[in-house]
Every structure is written in structure tokens, then in C-alpha cells.
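Colleague: I am new to this model and would like to begin with the whole before going to one part. Could you take me through it slowly?

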Amino acid sequence: MQRGRALGNGMNRDEIIAGNPLENYLKRIGVYLRRSRNGYLCRCPLGGHEDHHPSFQVRNERWTCWSHPGGMTSGTIIGLLMAIEGLSCGDAMRKLQRRF
């Protein structure tokens, strides 16, 4: 799905991302967030590696995991839903659209 392209109800990807703050989703699934200077820090909710110290950063509408296997990983709430809930991109966007 292209950035800025309207979906069936007239909403586009950027509006869906802006209307679904990452910190709200993470809190809803039970992730403890610690406020930092630039946003929030927490242990990585994606799994796949030992995370004894917060390596997952949420800043504005993007997240970054600094210690994920294979190197740094980052994305938006759409990619996070895809990874955590096993959804396709379209399904993740539809789920977020309903919450908008």
C-alpha cells in the first residue's frame, strides 16, 4: 500500500498511523513503558532475543529495536501489529482503521 493513498473509506496510511499512537497499543498489550527524553523505552515485545535492558524505543509514530537479531529493526504501528499479531499489512490496516 502506497503512503498517502486513500483506503476504501477515504482514510490513508498516514492518517491511520497518526490516529493510533504506538504507546497506547503497547500499554494495551501489557508492555511497561518508561518515559525517556525523546519518547518511551521498553523491553522488546517482539521476542526473538534476550532483552534484559530496554532496547525498544518509541518516538513519535515510529519504533526501533536496537538489539534485535540481525541488526536494528524499526517501523510503524502497522509493522508492529503484523509482527506481534501475525497479520498481513492489509489486515493490520483494517484493524487499526476500525479503532480510528
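What does the accessible surface of the chain come to, and what percentage of that surface belongs to carbon and sulfur atoms? After that, please look closely at strand 4, the strand in which T64 lies, and tell me what surrounds it.

Modeller: Please keep in mind throughout that this is a predicted model. The accessible surface of the chain comes to about 6100 Å², and carbon and sulfur atoms hold 46% of it. Of the 100 residues in the chain, 38% are buried. Among the contacts with a separation of 6 or more, 33% are between residues 24 or more positions apart.

To place strand 4, we need the order of the elements. The chain has four helices and five strands, and from the N terminus on these run α-α-β-β-β-β-β-α-α. The five strands make up an open sheet in the order 1-2-3-4-5, with antiparallel pairing. Its edges are strand 1 (34–35) and strand 5 (73–75), each of which pairs on one side only.

Strand 4, at residues 62–65, runs antiparallel to strand 3, at residues 56–59, and four bridges join the two. Together strand 3 and strand 4 form a hairpin with two residues between them, and in the turn N60 has a positive phi of about 55°. Across this pairing, V58 stands opposite W63, while Q57 has T64 as its bridge partner. Strand 4 also pairs with strand 5, again in the antiparallel sense, here over three bridges; in that pairing, S74 of strand 5 stands opposite T64.

T64 is therefore a useful residue to look at in detail, since it has a partner in strand 3, namely Q57, and stands opposite S74 in strand 5, and since its relative accessibility of 13% makes it count as buried, the cut-off for that term being under 20%. Once its neighbours within four places in sequence are set aside, T64 is in contact with S55, F56 and Q57, and also with M72, T73 and S74.

From here we can follow strand 4 into the interior. The largest nonpolar core has 22 residues, and L26, F56, I77, I78 and L80 are those with the most contacts inside it. Strand 4 is one of the elements that give two or more residues to this core, along with helix 1 (13–18), helix 2 (22–28), strand 2 (40–42), strand 3, helix 3 (77–85) and helix 4 (89–99). The element that gives the most is helix 3, with four residues.

Helix 3 and strand 4 meet through particular residues. L80 touches W63 and F56, as well as L22, Y25, L26 and L46, if residues up to four places away in sequence are not counted. The buried residues in helix 3 include I77, I78, L80 and L81. Seen down the axis of helix 3, its buried residues fall within an arc of 160°, and so they line one face of the helix. An α-helix has 3.6 residues a turn, so residues three or four places apart point the same way. Strand 4 is among the elements that cover the buried residues of helix 3, and others among them are strand 3, helix 1, helix 2 and helix 4. Just after helix 3, G86 takes a positive phi of about 70°.

To draw this together, strand 4 pairs with strand 3 through four bridges and with strand 5 through three, and it also gives two or more residues to the largest nonpolar core.

Notes:
Residues numbered from 1 in each chain as written. Predicted model: local features only at pLDDT ≥ 70, side-chain atom pairs only at ≥ 80, totals over all residues. Heavy atoms only, no water. Pairing = 2+ DSSP bridges. Buried < 20%, exposed > 50% of the residue type's maximum accessible area, 1.4 Å probe, protein only. Contact = heavy atoms within 4.5 Å. Areas by Shrake-Rupley, 256 points an atom, 1.4 Å probe, with all protein chains shown as cover. Core = buried A, V, L, I, M, F, W, Y, C linked by side-chain atoms within 4.5 Å. Arc of directions from axis to C-beta.
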